[in-house]
Amino acid sequence: MEAMVRHYNLPHIANEVVFVETLKKLPEMTEARRLSLCMFMGVCTDGVVSFTVNEKKRIASRNNVMVITDESVVDSINFSPDFDGIGFFISYKLLQEILKDIQNMSDLFLLTHNHPVFEITPEELSTLKIYLSQMHNRIVSTEHRYRLEVVRLLILTMIFDIRNTFDTMQEKQKPEDRRSRAERIFVQYIQLVERNYKEQRQVQWYASQMDLSPKYLCEAISAVSRRSPNEWIDKFVTTEIRNQLRHTNKRISEIAAEMHFPTQSFFGKYFKDNVGVSPTDYRNGIEL
């Protein structure tokens, strides 16, 4: 997101939250790109935009909400002449920190992954625009001491409102239409990881708990999320370690023990392999 901030001079907080006041400022796209380590959320306020997400064509018109999740492949973006909208990008790391205490995050991921464009009521749209306006005001108020904390709360509130919208959509569907077998496996897997990632980091263990072969589990998870089961485990583990390093005074050896790593050196190697810097450097504010 840092390059995008520089190129388009977008308001942001430490490149973790990037606000786009007018989506027509962003370019049309003819080559596929992967949304890496971040999520996009926005609303179309005028005109129409068409695009593909993970090889499926989507069209957003006025008052439609767009949510594009981390690792999604976006292609063929085309704007109508009168298109406009507002939105923001949020880093996956910050999103995970915001959602860390929310149950059933897997459902939320699956819903937005399957429905990157959806319609909301006029009342919901009015509320969303208020959130976005307040969010923009805080991001540009660089002297506000707690602007990141306020923005985090606004994003969390928006996520709960979106979840409420999706829950209503789900209730209107017939039970047999709600999820495929692969989607049910994905939800069960993520829920297991959420409960056990501190102690269990082997796909074989999760497969056995679900009475599936590791190969079938990998195929199902990859088909739904475009990530492997190991990648999901690493996401949960590294997010927890990041939080511990940045927001607690625990010694690195304590964190390693709490996360059930056999040695501190193994813990350090695991973290550096996945994050790119050592735990000590990360605690000191160094990031790639």
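The second largest pocket of this predicted model is lined by 24 residues, of which Met-4, Leu-26, Met-29, Leu-35 and Phe-89 lie nearest its centre. A pocket is here an open set of points, on a 1 Å grid over the protein atoms alone, where a 1.4 Å probe fits, with protein on both sides within 12 Å along at least five of seven lines, and lining residues have an atom within 4 Å of a point. Helix H1 (2-8) gives the largest share of the lining, four residues, and the lining divides into 20 nonpolar residues, one polar and three charged, where Ala, Val, Leu, Ile, Met, Phe, Trp, Tyr, Cys and Pro count as nonpolar, Asp, Glu, Lys and Arg as charged, and the others, Gly among them, as polar. Helices (H or I, at least four residues) and strands (E, at least two) are DSSP runs, numbered from the N terminus.

The model is predicted, and local features need pLDDT of at least 70, side-chain atom pairs count only at pLDDT 80 or more, and totals for chains, interfaces and linings use all residues. Residues are numbered from 1 along each chain as its sequence is written, and side-chain values use heavy atoms, with hydrogens and water left out.

An open sheet of four strands follows the order E3-E8-E5-E6 with antiparallel pairing, two strands being paired if DSSP finds at least two bridges between them. Its edge strands, E3 and E6 (56-61), each pair on one side only, whereas E5 and E8 are joined in the antiparallel sense over four bridges; the bridge partner of Val-49 in E8 is Phe-79.
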